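Biologist: Before reading the rest of this model, I would like a close look at the contacts between charged side chains. Please take one such contact as the starting point and work outward from there.

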Amino acid sequence: MERNELYPIFLKVSQLNILIVGGGNVGLEKLTFMLKSSPHAQVEMVAPEFLDDTLQLAKKHQVKITKDVYRKSYLDGRHMVIATTDKVEVNEQVYYDCRERNILVNVADNPPFCDFYMGGIVTKGNVKVAISTNGKSPTTAKRLRQFFEDVIPENIDDLVKNLNEFRKTIKGDFEEKVETLNEFTKGLVGKKEK
């Protein structure tokens, strides 16, 4: 069986400098996805034209809009770039320019030109679950996201906050605290029947 070897991380995109190249439907989709998860993300979009929906969303979230064609200079100071244009040659140029500068890059719908994928995300308060299909099936990630939205209880955030307070009261070294929390929370997840 093929194995997904991606390493999942949760980025504080409100502290990063992000560029989205492209102002069409795919650019809007990527911006919407990011802002839904991280409404304070620091984003600039560059494209010769933008959809009205993109401009409205950008205004609501202080996303900088730059009406221009892509230039390498737009990468200055960036931590992460997402290329979403309908021009393959532009997207690939963005990829090569980013690789040259060690900037993380995602070229939409082109897995070989991606350092990361934007998978499905479920958020309930402080709990966030990310789903990846290794870039193979965004539709499967979407269906899994819908499943987890249904099965993760609405009060999960209360549980997380209460466990955080409980954690502060536990005495002992790190290993003892982990053991206590593991014992306390083992009933949260049912065991598989064999």
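Modeller: This is a predicted model, and a good place to begin is Glu154, which is exposed, with a relative accessible area of 68%. Side chains of opposite charge can pair when their charged atoms come close. Glu154 is an example, since a salt bridge joins Glu154 to Lys124, with 2.9 Å between the closest N and O atoms. Lys124 lies in strand E6, whereas Glu154 belongs to the loop between helix H4 (138–151) and helix H5 (156–169), so the pair ties together parts that are 30 residues apart in sequence. The two partners also contrast in their surroundings: Lys124 counts as buried because its relative accessibility is 10%, a value that falls under the 20% cut-off, while Glu154 at 68% is exposed.

The count of salt bridges comes to eleven, and two others can be set beside this one. Glu100 forms a salt bridge with Lys72, and here the closest N and O atoms are 2.6 Å apart. Glu100 lies in helix H3 and Lys72 in the loop between strand E3 (64–67) and E4, so this pair ties together parts that are 28 residues apart in sequence. Glu100, at 54% relative accessibility, counts as exposed, and Lys72, with a relative accessible area of 34%, is partly exposed. The side chains of Asp68 and Arg71 meet in a further salt bridge, at 2.2 Å from N to O; Asp68 counts as buried at 17% relative accessibility, whereas Arg71 counts as partly exposed at 42%.

Helix H3, which carries Glu100, also takes part in an aromatic contact. Of the four aromatic pairs found in the whole structure, one is formed by Tyr95 and Phe113, whose rings are edge-to-face, 4.7 Å centre to centre with 75° between the planes. Tyr95 is in helix H3 (residues 88–101) and Phe113 in the loop between strand E5 (104–107) and strand E6 (120–124), so that this pair, too, links distant parts of the chain, 18 residues apart. Both of these aromatic residues, Tyr95 and Phe113, are buried, and ring pairs link Tyr95, Tyr96 and Phe113 into a cluster.

Strand E6, then, holds Lys124 of the salt bridge with Glu154, and the loop that carries Phe113 lies between E5 and E6.

How values were computed: Residues are numbered from 1 along each chain as its sequence is written. This is a predicted model: local features need pLDDT of at least 70, side-chain atom pairs count only at pLDDT 80 or more; totals for chains, interfaces and linings use all residues. Side-chain values use heavy atoms; hydrogens and water are left out. Rings of Phe, Tyr and Trp (its six-membered ring) pair if their centres lie within 6.5 Å; planes under 30 degrees apart count as stacked, over 60 as edge-to-face and the rest as tilted. Helices (H or I, at least four residues) and strands (E, at least two) are DSSP runs, numbered from the N terminus. Buried means under 20% relative accessible area, exposed over 50%, partly exposed in between (1.4 Å probe, protein chains only). A salt bridge is a side-chain nitrogen of Lys or Arg within 4 Å of a carboxyl oxygen of Asp or Glu.
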